Amino acid sequence: MPSSTPGPAPDTTAAPVGRRERKKAATRKAIADAALRLFLERGYDAVGIREIADAADVSTTTLFKHFPVKEALVFDEDDDQEERLLAAVRERPAGTSVPAALREHALTSRLVTPNGDDRLTAFLNLVATTPALRDYGQNMWLRHTTALAHAIAEESGRPADDPTCRALAHFALEAPRAAHGHPDPRAAITSAFDLLERGWGALAG
């Protein structure tokens, strides 16, 4: 039932701000999608920035506002990646150690698998075969070291600045490098995490 007393004036700024954010997000996604499509079709080095801007129907100025460097066009889900990484630790099954949970995360999200999602497989292959993207991608993963170290500390009952937690976080994020150029990437990653598991287990014990 409507009230007879006038209420506060409606907020006229919230909706436009929401629309602006949605428009920015849609533009960013259109640019990233266009870039990935072109990179997968022709190879990263063969595609220019202007071509990507044209394919996304934006100016190069707009493109650079969203993606300051070309490599960033390929890694558009950094926040989502961090959320999934931390969830691997915080939501691991009972009885699963932190290194084991991080090993499974690495095997499923950073390694091409025979029956994996086609889009993820294409993306991982693009990164693995393009040195500039491989290096940029690894540096992107290492940006999550502090957040991962804090999550490990929380789960282990250790202080937030515990150096062993930071060491485990760093080496867990570096471990997938062991797969590059190895005839059996899965075995290489597993071996690297086995080493981390033994070291962490010794500390926990």
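The chat below goes through a predicted model of one protein.

Student: What is the fold made of, how many helices and how many strands?
Tutor: This predicted model has 10 helices and 0 strands. From the N terminus on, the order of elements is α-α-α-α-α-α-α-α-α-α.

Student: How much of the protein is buried?
Tutor: The chain has 205 residues, and 34% of them count as buried.

Student: And what does the outside look like, how much area is exposed?
Tutor: About 12,200 Å² is exposed, with carbon and sulfur atoms supplying 54% of that area.

Student: What share of the contacts comes from residues 24 or more positions apart?
Tutor: The figure is 64%, taken over contacts in the protein with a separation of 6 or more.

Student: Which residues does the "DNA-binding region" annotation cover?
Tutor: Residues 48-67, according to an unreviewed UniProt entry.

Student: What is the chain doing over 48-67, in helix and strand terms?
Tutor: That stretch is 75% helix and 0% strand. The C-alpha atoms at its two ends are 14 Å apart.

Student: Switching to pockets. What volume does the largest one have?
Tutor: The largest pocket comes to about 1,100 Å³. It is lined by 36 residues, and those closest to its centre are S109, L120, F123, L124 and V127.

Student: Which elements give two or more residues to that lining?
Tutor: They are α1 (14-42), α4 (78-90), α5 (98-109), α6 (118-128), α7 and α10 (185-204). The largest share, 7 residues, is from α6.

Student: How many cavities of 30 Å³ or more are there?
Tutor: The structure has 1. The space in the largest cavity is about 50 Å³.

Student: What lines the cavity?
Tutor: The lining consists of L85, L102, H105, A106, R110, A172, L173, P176 and F193. Two elements, α5 and α9 (163-174), give two or more residues to that lining. The largest share, 3 residues, comes from α5.

Student: Q138 next. Where is Q138 placed?
Tutor: Q138 sits in helix α7, which spans residues 131-142.

Student: Is Q138 buried or exposed, and why call it that?
Tutor: Q138 is buried because its relative accessible area is 5%, and the cut-off for buried is under 20%.

Student: Which side chain does the Q138 side chain make a polar contact with?
Tutor: The partner is the side chain of E174, at 3.2 Å. In addition, a polar atom of the Q138 side chain lies 3.1 Å from the backbone oxygen of L173.

Student: What else does Q138 touch, leaving out residues up to four places away?
Tutor: On that basis Q138 touches R110, L173, E174 and R177. R110 and L173 are also among the residues that line the largest cavity.

Student: One more residue. Which helix has T164?
Tutor: T164 is in helix α9.

Student: And why is T164 put down as partly exposed?
Tutor: Its relative accessible area is 24%, so T164 falls in the partly exposed class, which lies between the 20% and 50% cut-offs.

Student: What is T164 in contact with, apart from neighbours within four places?
Tutor: T164 is in contact with R158, W200 and L203.

Student: How far apart are T164 and I152?
Tutor: In sequence they are 12 residues apart. In space the C-alpha to C-alpha distance is 9.6 Å.

Key: Residues are numbered from 1 along each chain as its sequence is written. This is a predicted model: local features need pLDDT of at least 70, side-chain atom pairs count only at pLDDT 80 or more; totals for chains, interfaces and linings use all residues. Side-chain values use heavy atoms; hydrogens and water are left out. UniProt positions are given in the numbering used here, feature names are shortened, and annotations may be inferred rather than shown by experiment. Helices (H or I, at least four residues) and strands (E, at least two) are DSSP runs, numbered from the N terminus. Buried means under 20% relative accessible area, exposed over 50%, partly exposed in between (1.4 Å probe, protein chains only). A polar contact is a pair of N or O atoms within 3.5 Å; within protein, one must be able to donate a hydrogen and the other to accept it, and residues adjacent in sequence count only if both atoms are side-chain atoms. Contact means heavy atoms within 4.5 Å. Accessible areas come from the Shrake-Rupley method with a 1.4 Å probe; for residues, only the protein chains shown count as cover. On a 1 Å grid over the protein atoms alone, a cavity is a set of points where a 1.4 Å probe fits but cannot get out, and a pocket is an open set with protein on both sides within 12 Å along at least five of seven lines; lining residues have an atom within 4 Å of a point. Grid points are joined across faces, edges and corners, and a volume is the space filled by probe spheres set on the points.
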